[in-house]
Amino acid sequence: PAHVHGHQLGLHNSHEHQEDSLREGAPTQGGDDSDGSGQCGTLVGLGTDSSIYFQYHQQSFLVVILKYGQITIFTDVTILYVLLTLFSLCNIATCFLISVFFHQSKLAAVVSAVVFYSMYLPYTIASLQEENMDFWMKLIACFSSTTAFGFGMLHVARYEEQGVGLQWDNFHVPPRTQQFSTLHVFYMMITDFIVYILLALYFERVLPTKCGVSARL
């Protein structure tokens, strides 16, 4: 019958189209992933739920250790929680940004670890040259989220040394004479999170992938 012949012809043409796509290296339906997951897009296959779940419980555990382990005796526990929450958000955004440049999750994880520890290097230099650094130099250094977190924990330690602890009524006051307070640290960590996410979304759209042609922005 005519409709059976037409159906067979359509299947034949579809099969030839798939063979041509494979020969040309074009992605087939469902995308291509080096891990075999068949998911298109970088931010899809990152295990976002598990990462957020891990970060949440990790920061809660650290707050308990710092506060009830008699490490930060005087500091307000809510300030510690906010500081660690901002740092966790920045870590997730950093992983998003790095993963955009890779198609293999294992390679992305290795590079993320290297980049994460490299981002802490500016703080080691800034902590030694803090007395000689201007306010704007500290702000630039805090575009590295790990450096901003290092300044935040440094302020916590200094207020603990003073016996008053970091509180909501003094977190906008620098612990020493430098005009750089914990409030500025919070602002910079929020800025880091927004910048990292925007860069990740931008590069995900413009970089070529195995799932199709990238968008032009």
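**Exercise 1. Find the parts of the chain that the salt bridge between Glu130 and Arg158 ties together.**

Step 1. Start with the pair itself: the side chains of Glu130 and Arg158 form a salt bridge, with N to O at 2.6 Å. The term stands for a side-chain nitrogen of Lys or Arg within 4 Å of a carboxyl oxygen of Asp or Glu.

Step 2. Place both residues. Glu130 sits in the loop between H5 and H6 and Arg158 in helix H7, so the pair links parts that are 28 residues apart in sequence. Helices here are DSSP runs (H or I, at least four residues; strands are E, at least two), numbered from the N terminus.

Before going on, a word on the model: it is predicted, so local features need pLDDT of at least 70 and side-chain atom pairs count only at pLDDT 80 or more, while totals for chains, interfaces and linings use all residues. Residues are numbered from 1 along each chain as its sequence is written, and side-chain values use heavy atoms, with hydrogens and water left out.

**Exercise 2. Work out which residues join Glu130 in one salt-bridge network, and whether they are buried or exposed.**

Step 1. Look for a further partner: Glu130 also meets Lys138 in a salt bridge (3.9 Å, N to O). The count comes to two salt bridges.

Step 2. Join the pairs. Shared partners make one network of Glu130, Lys138 and Arg158.

Step 3. Check the accessibility. Buried means under 20% relative accessible area, exposed over 50%, and partly exposed in between (1.4 Å probe, protein chains only). Glu130 is buried at 4%, Lys138 at 1% and Arg158 at 9%.

**Exercise 3. Describe the surroundings of Asp192, a buried residue without a salt bridge.**

Step 1. Locate Asp192: it belongs to helix H8 (residues 182–206).

Step 2. Search for an opposite charge, counting Lys and Arg as positive and Asp and Glu as negative, with His and the chain ends not counted. The nearest such side chain is that of Lys138, 16 Å away.

Step 3. List the contacts, meaning heavy atoms within 4.5 Å. Leaving out residues up to four places away in sequence, Asp192 touches Cys90, Cys142, Phe143, Ser144, Ser145 and Ala148.

**Exercise 4. Identify the helices that supply the largest nonpolar core, and its best-connected members.**

Step 1. Set the rule: a nonpolar core is a set of buried Ala, Val, Leu, Ile, Met, Phe, Trp, Tyr and Cys residues joined through side-chain atoms within 4.5 Å.

Step 2. Pick out the members. The largest core has 26 residues, of which Leu83, Phe151, Val185 and Met189 touch the most other members.

Step 3. Assign the helices. H2 (48–68), H3 (77–99), H5 (121–128), H7 (145–162) and H8 each supply at least two residues. The largest share, seven residues, comes from H3.

Step 4. Zoom in on Phe151. Its contacts, not counting residues up to four places away in sequence, are Tyr123, Ala126, Lys138, Cys142, Phe180 and Val185.

Step 5. Look for another core: a second, separate one of eight residues includes Ile92, Ala93, Phe96 and Val100.

**Exercise 5. Summarise the whole chain.**

Step 1. Count the elements: there are eight helices and zero strands.

Step 2. Add the burial: buried residues make up 33% of the 217 residues.

Step 3. Consider sequence separation. Among contacts between residues at least 6 apart in sequence, 70% join residues at least 24 apart.
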